[in-house]
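Hello,

Here is the structure I promised to pass on to you. Have a look at it first, and then read on for what turned up.

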Amino acid sequence: MSGPAKGHERRALFFRALLPCLALIALHQTSARAQSLTPDLFNPTRGGFVAAQDLPLRPIGETTADNPTDPNRDARQRDRNAPGDRNKPNPAPSRIGQVPTYGLQAANGADAGFDSLNRKRKPTKYYPGQARPKPPPGPGSLPPKPAPVNAIGELRLSVPPSETANKPPIPPAMADAVAGQPPRRRLKLDDDPFGAVGDYAGSFLIKSAVELSGGYDTNPGRLPEQHSLPFYVVAPEFLAVSDWDRHALIADLRGSFTGYGGSLPATFDGAASPAPTNVDRPDFTGHVDGRLDVSRDTDLTAQLRLRLATDNPGSPNIQAGLAAYPIYTTLGGTFGFDQRFNRLQISAGGTIDRTSYASSTLTDGEHASNDDRNFNQVGGVGRVSYELTPAVKPFVEAEGDTRVHDLQFDRSGFERDSNGGYAKAGTSFEFTRLLTGEISIGYAARNYIDPRLDRLQGFLTTASLTWNATGLTTAKFYSDTQIAETTLPGASGVLVHTYTFEVDHDFRRWLTAIGKFTYGTLDYQGFGRNDKTYSLEGDLIYKMTRNLWIKGTLRHDILDSNVALSSSSATVVMLGVRLQN
């Protein structure tokens with residue numbers, strides 16, 4: 001009899017094994033677990049499937065703490081540092097299979113030009129259009145600068161040729177490339193890069209200049225009725241300064257001549273014109289100052305001065321019916337000393353001046369003498385100052401003089417000889433180099449021999465202030481007070497106050513604009529006349545080189561008088577060049 005079929009036999013064996021497994025699963029209530037799919041299963045690195053400490057081929061002595069890839073390294077390290085295990089010695093790392101290193105690694109000096117492995121240095125690769133460094137232009141020059149980068153640190157692909165152009169070689173000492181050389185002192189930046197440089201003649205620095213200008217004046221005679229004329233101006237300048245260790249000598253000479261292309265009418269409202277027909281006039285101011293250093297604290301000072309000019313247009317001192325302005329000259333000098341006692345300084349000197357007028361030429365050809373206006377003045381001046389700080393130096397100053405005229409009586413029958421002077425107090429200061437100058441206030445008076453002439457007196461102000469508002473803008477203020485002579489009958493003299501405000505601004509170092517406003521008062525005491533002057537001026541200077549400037553000027557002048565037919569106004573336009581050295 002044959003046995004059972006083979007298919008039934010296989011199924012019986014399968015079910016016999018399955019039934020015990022199901023029984024075990026039912027009796028043991030444990031959830032089924034499966035291996036999760038993590039990135040470590042696909043990690044191709046050493047220790048990706050087996051921990052580093054379980055590798056069969058690991059080096060002897062390697063521990064879990066030595067394996068930085070072990071995720072349990074920190075926990076094991078904390079267990080090792082437990083109080084009970086702190087004294088256990090750690091096994092030393094094995095040196096089997098390790099390559100010992102001594103000092104510098106092989107080929108460490110390759111960057112310096114030597115490679116111990118005899119490898120070929122690879123040239124630096126540059127991007128297309130990238131600037132290539134160039135070799136030094138010569139011995140002693142500084143090495144080339146590294147390639148420039150932009151704001152985010154990337155190399156600049158476009159560099160101006162001027163930044164990479166080869167420069168002519170310079171001596172090593174000038175390039176600060178000599179070993180052990182002390183650093184060279186940098187030269188001070190030129191405050192006026194377009195100023196005159198000058199030339200040396202022996203031990204004197206000489207600067208000279210001349211201005212040639214032409215323009216148009218709507219009222220050159222300052223008459224109530226305007227008569228316009230074109231004009232030209234020639235203004236030379238000369239400055240010589242000594243360059244000595246001791247003593248000093250300075251010569252400052254400035255002049256001008258204004259010529260008009262025409263003449264003014266000889267009559268005004270049917271009478272002789274108060275302005276001359278020929279209004280050409282010269283002007284010159286010059287002085288030579290000297291200082292002799294006797295000792296460290298004692299100096300002898302001297303000054304020679306010369307003033308050549310005419311009366312200002314519109315002045316009541318001008319005679320009617322003149323053919324030209326009479327010229328007057330004032331020649332004088334001051335001789336004194338300066339003595340310093342630590343911070344205290346005492347200065348004193350004697351003055352002597354001579355003023356003389358040329359004869360007047362009338363329109364009919366006759367001449368009129370002006371000898372009654374000539375006078376000699378002798379006086380003295382003293383000043384005491386004390387230096388509170390290097391920036392503040394207050395002072396007091398007093399002056400007295402005597403004037404003696406050539407003629408006892410003037411053309412109106414008055415005796416003009418007088419005695420007078422002034423006293424003032426002020427200070428010179430310098431605050432952080434932003435505000436510098438000198439300012440003072442005082443009182444002036446003059447007494448005349450003729451009892452019919454009242455005492456000439458008034459307050460005086462003198463100031464010279466400079467405020468450097470910014471590096472490009474400078475503001476200035478000037479003030480001056482003078483007591484002048486006059487020919488008006490019954491007038492003791494004229495007290496003149498002048499105030500000037502000026503602002504300079506540099507649009508560029510070669511382009512400067514200047515705005516100026518001047519206000520003045522003229523008080524003819526004893527006559528009842530009071531004049532006020534206003535002047536508004538704007539200048540534009542184009543500095544082409546150190547030796548050539550171009551200057552344009554626009555000015556408007558106003559004379560306001562309380563006397564009828566004495567007020568006037570004028571507008572002046574001028575363009576010129578300045579040549580200097």
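Let me start with a hairpin. In the turn between β15 and β16, 3 residues separate the strands, and T432 there takes a positive phi near 50°. Please keep in mind throughout that this is a predicted model.

The two arms of that hairpin are β15, covering residues 418-431, and β16, covering residues 435-448; they run antiparallel and are joined by 14 bridges. If you would like a landmark for the register, N419 stands opposite N447 in β16. On from there, β16 is also joined to β17 (residues 456-467), again antiparallel, this time through 12 bridges. Here the bridge partner of R446 is L456 in β17.

Next, a charged residue you may want to look at. D539 lies in strand β21, which spans residues 529-543. What is the nearest side chain of opposite charge to D539? That is K551, at 4.2 Å. A salt bridge needs a side-chain nitrogen within 4 Å of a carboxyl oxygen, so D539, although buried, has no salt bridge. D539 does have a polar contact, though: its side chain and that of T553 are joined at 3.1 Å. Setting aside neighbours within four places in sequence, the residues in contact with D539 are T512, A513, I514, K551, G552, T553 and L554.

Then there are the aromatics. Searching the whole structure gives 10 aromatic pairs. One of them is F231 with Y260, a tilted pair with 5.7 Å from centre to centre and 45° between the planes. F231 belongs to β3 (residues 229-242) and Y260 to β4 (residues 248-260), so this pair ties together parts of the chain that are 29 residues apart in sequence. Both rings belong to buried residues: F231 has a relative accessible area of 9%, and Y260 comes out at 10%.

Y232 and F257 also form a tilted pair, with centres 6.4 Å apart and 50° between the planes. This pair likewise links β3, through Y232, to β4, through F257, across 25 residues. Are these two residues buried or partly exposed? Y232 counts as partly exposed at 41% relative accessibility, and F257 is partly exposed as well, at 34%.

One last item for your viewer: Y499, Y519 and Y534 are linked into a cluster by ring pairs.

Happy browsing, and best wishes!

Key. Residues numbered from 1 in each chain as written. Predicted model: local features only at pLDDT ≥ 70, side-chain atom pairs only at ≥ 80, totals over all residues. Heavy atoms only, no water. Pairing = 2+ DSSP bridges. Helix = DSSP H or I, 4+ residues; strand = E, 2+ residues; numbered from the N terminus. Buried < 20%, exposed > 50% of the residue type's maximum accessible area, 1.4 Å probe, protein only. Lys, Arg positive; Asp, Glu negative; His and termini not counted. Polar contact = N/O pair within 3.5 Å; in protein donor to acceptor, adjacent residues only side chain to side chain. Contact = heavy atoms within 4.5 Å. Phe/Tyr/Trp six-rings, centres within 6.5 Å; stacked < 30°, edge-to-face > 60°.
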